[in-house]
Amino acid sequence: MSNQVEDSEILEKFQDVKTRDLAFNMLLKKYQQKIYWHIRRMVIDHDDADDLVQDVFIKVWKNLPGFRSDAQLYTWMYRIATNECITFLNRKKLKNNVSFDDVSNELTETLADSTYFDGDKAQMKLQKALLTLPEKQKLVFNMKYYDDMKYEEISEVLGTSVGALKSSFHLAVKKIEAYLLAED
């Protein structure tokens, strides 16, 4: 990844109609996989994640002309992806008229049956533990643990104070530890 293109170059090329498609392809190449895995860890199912990634990048395409460089491009896209995940999961709860626990149980079954999730047993246990967390704690844990984001970046994405995020992360870790210890 040493020849990674800079966001400023992508944004510059996107402003010119002649190089807009090229810029968007550069953006996809740089961020599509990161966005996919962020979404996948939230919704578990590969097909759902694929659909949501498409929705996210359609929104990115439509809204990129109005993007203000006061935020980082990745953080902005991450916020779109996070909102799409939350909307999707809320829709799933409403459509099926089920509680958060029922959705978590369904996602746990999907995880267990998934051919796309070929993680080892420890990774599978961690994923199951994550599904027991409230949505916000799960988001914060994923962003911090998997995406190695700084609290300040997570704060931008979720619109929550750094202190509250640290507390959410700490609670998530405690709950995951308790789950993993109970599973042994």
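**View 1. The salt bridges of the predicted model.** The structure, which is a predicted model, holds 5 salt bridges. Three of these pairs are taken up in the views that follow, among them the pair formed by Asp7 and Lys30.

**View 2. Asp7 and Lys30, a salt bridge between helix 1 and helix 2**. The closest N and O atoms of Asp7 and Lys30 are 2.8 Å apart. The pair links distant parts of the chain, since Asp7 belongs to helix 1 (residues 7-15) and Lys30 to helix 2, with their positions 23 residues apart in the numbering. Asp7 is buried, and Lys30 is buried as well.

**View 3. Glu84 and Lys59, a salt bridge between helix 4 and helix 3**. Here the closest N and O atoms lie 2.4 Å apart. Glu84 sits in helix 4 (residues 73-96) and Lys59 in helix 3 (residues 46-63), so that two distant parts of the chain, 25 residues apart, are linked by the pair. Glu84 has a relative accessible area of 10% and is therefore buried, the cut-off for that class being under 20%. Lys59, by contrast, counts as partly exposed because its relative accessibility is 37%.

**View 4. Glu177 and Lys174, a salt bridge within helix 9**. Both residues lie in helix 9 (residues 162-183), where they are 3 residues apart, about one turn of the helix. Their closest N and O atoms are 3.9 Å apart, a value that falls within the 4 Å cut-off used for a salt bridge. Glu177 counts as partly exposed at 40% relative accessibility, and Lys174 is likewise partly exposed at 44%.

**View 5. The packing of helix 2 against helix 7**. Helix 2 (residues 20-43) and helix 7 (residues 135-146) pack at an angle of about 145 degrees, and their axes are 11 Å apart. The crossing of helix 2 past helix 7 is right-handed. From helix 2, the residues that take part are His38, Arg41 and Met42, and they meet Glu135, Lys138, Leu139, Asn142, Met143 and Tyr146 of helix 7. Sorted by class, this contact comprises 4 nonpolar, 2 polar and 3 charged residues.

**View 6. The protein as the setting for the close-ups.** The protein has 9 helices and 0 strands, and buried residues make up 43% of its 184 residues. Of the contacts with a separation of 6 or more, 60% are made by residues 24 or more positions apart. The protein exposes about 10400 Å², of which carbon and sulfur atoms supply 49%.

How values were computed: Residues numbered from 1 in each chain as written. Predicted model: local features only at pLDDT ≥ 70, side-chain atom pairs only at ≥ 80, totals over all residues. Heavy atoms only, no water. Helix = DSSP H or I, 4+ residues; strand = E, 2+ residues; numbered from the N terminus. Buried < 20%, exposed > 50% of the residue type's maximum accessible area, 1.4 Å probe, protein only. Contact = heavy atoms within 4.5 Å. Areas by Shrake-Rupley, 256 points an atom, 1.4 Å probe, with all protein chains shown as cover. Axes fitted to C-alpha atoms, helices over the stretch in contact; angles between N-to-C directions. Left-handed = near helix turned anticlockwise from the far one by under 90°. Nonpolar A, V, L, I, M, F, W, Y, C, P; charged D, E, K, R; others polar. Salt bridge = Lys/Arg side-chain N within 4 Å of Asp/Glu carboxyl O.
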